[in-house]
Amino acid sequence: MKEFEHLMSVWQGQPKPDKLSVDEALKQVKKGIRGITSKLYWGIVAMIALIVCAFIITFFFAFRSPATIIGILIILVTMLMYLSLIIRHYHILNKHDLTQNPTEYLNTLKAYQKNRSKVIGWFYYLFMLLISVGLALYFVEVLEDAPLYFKLVTYGSIILWFLFITFYLKPRMFKNEEEKLNLMIDRLIRLQEQFD
């Protein structure tokens, strides 16, 4: 009997889950979304600048080899695909007002998270493959007259850079963004549960 009373006192002594302030929760979610959309916005700006540079290189520099032009065109098409993907993600996060309908916004965030994790998985590897092929074709002519050691250093550093991005940087970046999305979704779910 003493154990039951002790168990009841421990259970009743547990702190009650604090109510989430509506204004504070919405403010935190807006801040998190603003951070993600800001990164996407600057990613769009940077990608447009890179596409313009690649376009200028392709059409205003005289290349002898068609492989070089094909390589640059592969890079351009890949960057356009990536640009369309991040513009779509930017519009998904920016198209709804959180304060108008938090439930609809929560559903949008869940759909965005599911879609992003699915798309990013296969698209990232396709992106890296196409960029690698494009750069390899581009460097065939550019490094044609370069000494062998310079070619090895160039190709080796590109391979190391892609491996670093793929196996070190990519998992950390996407894990960080995933955690932020999970936190925002959790806050909105807790807020929704308070009113149910």
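His 89 is buried in this predicted model. Its relative accessible area is 0%. Buried status requires under 20%, so a value of 0% places His 89 in that class. The residue belongs to helix α3, which covers residues 66–94. Beyond its neighbours up to four places away in sequence, His 89 touches Leu 40, Tyr 112, Asn 115 and Arg 116. Arg 116 lies 27 residues from His 89 along the chain. The C-alpha atoms of His 89 and Arg 116 are nevertheless separated by 8.0 Å.

Two of these partners recur around Glu 177. This glutamate is found in helix α5, residues 148–195. Glu 177 touches Ile 36, Tyr 112 and Arg 116, again leaving aside residues up to four places away in sequence. Tyr 112 and Arg 116 thus appear in the contact lists of both His 89 and Glu 177. Glu 177 has a relative accessibility of 16% and counts as buried, because the limit for that class is under 20%.

The helix that holds His 89 was examined along its length. Helix α3 has 29 residues. At 1.5 Å a residue, a span of 42 Å is expected, because the rise is multiplied by one less than the number of residues. The end C-alpha atoms of α3 are 41 Å apart, which agrees with that expectation. At the start of α3, a side-chain oxygen of Ser 65 comes to within 3.1 Å of the backbone nitrogen of Ala 67.

Leu 83 also lies in helix α3. Its relative accessible area is 11%, so Leu 83 counts as buried. Residues up to four places away aside, Leu 83 touches Ile 44, Met 47, Ile 48 and Ile 51. Ile 51 is 32 residues from Leu 83 in sequence. In space, the C-alpha atoms of Leu 83 and Ile 51 are 9.3 Å apart. The spacing of these partners can be read against helix geometry. An α-helix has 3.6 residues a turn, so residues three or four places apart point the same way.

Ile 33 is placed in helix α2. With a relative accessible area of 6%, Ile 33 is buried. Its contacts, not counting residues up to four places away in sequence, are Leu 93, Tyr 105, Leu 109 and Met 184. Ile 33 and Asn 94 are 61 residues apart in sequence. Their C-alpha atoms are 8.5 Å apart in space.

The fold as a whole was then considered. The protein chain has five helices and zero strands. Its pattern along the sequence is α-α-α-α-α. Of its 196 residues, 32% count as buried. Contacts between residues at least 6 apart in sequence were also sorted by separation. Of these, 79% join residues at least 24 apart. The chain exposes about 13,200 Å², and carbon and sulfur atoms supply 67% of that area.

One salt bridge is found in a search of the whole structure. It pairs Arg 64 with Glu 144, whose closest N and O atoms are 2.5 Å apart. The pair links distant parts of the chain, 80 residues apart. Arg 64 sits in the loop between α2 (22–60) and α3. Glu 144 sits in the loop between α4 (102–142) and α5. Arg 64 counts as exposed, because its relative accessibility of 65% falls in the class over 50%. Glu 144 has 41% relative accessibility and counts as partly exposed.

A nonpolar patch was identified on the surface. Its members are Ile 48, Val 52, Phe 55, Ile 56, Ile 57, Phe 59, Phe 60, Phe 61, Ile 69 and Leu 73. Together they have about 920 Å² of accessible area. Helices α2 and α3 are the elements that give two or more residues to the patch. The largest share, seven residues, comes from α2. Phe 60, one of the patch residues, lies in helix α2. Its relative accessible area is 63%, so Phe 60 counts as exposed. Ile 48 has two roles here: the residue belongs to the patch, and Leu 83 touches it.

Methods
Residues numbered from 1 in each chain as written. Predicted model: local features only at pLDDT ≥ 70, side-chain atom pairs only at ≥ 80, totals over all residues. Heavy atoms only, no water. Helix = DSSP H or I, 4+ residues; strand = E, 2+ residues; numbered from the N terminus. Buried < 20%, exposed > 50% of the residue type's maximum accessible area, 1.4 Å probe, protein only. Contact = heavy atoms within 4.5 Å. Polar contact = N/O pair within 3.5 Å; in protein donor to acceptor, adjacent residues only side chain to side chain. Areas by Shrake-Rupley, 256 points an atom, 1.4 Å probe, with all protein chains shown as cover. Salt bridge = Lys/Arg side-chain N within 4 Å of Asp/Glu carboxyl O. Patch = residues over 30% accessible without salt bridge, like charges linked within 9 Å, V, L, I, M, F, W, Y side chains within 5 Å.
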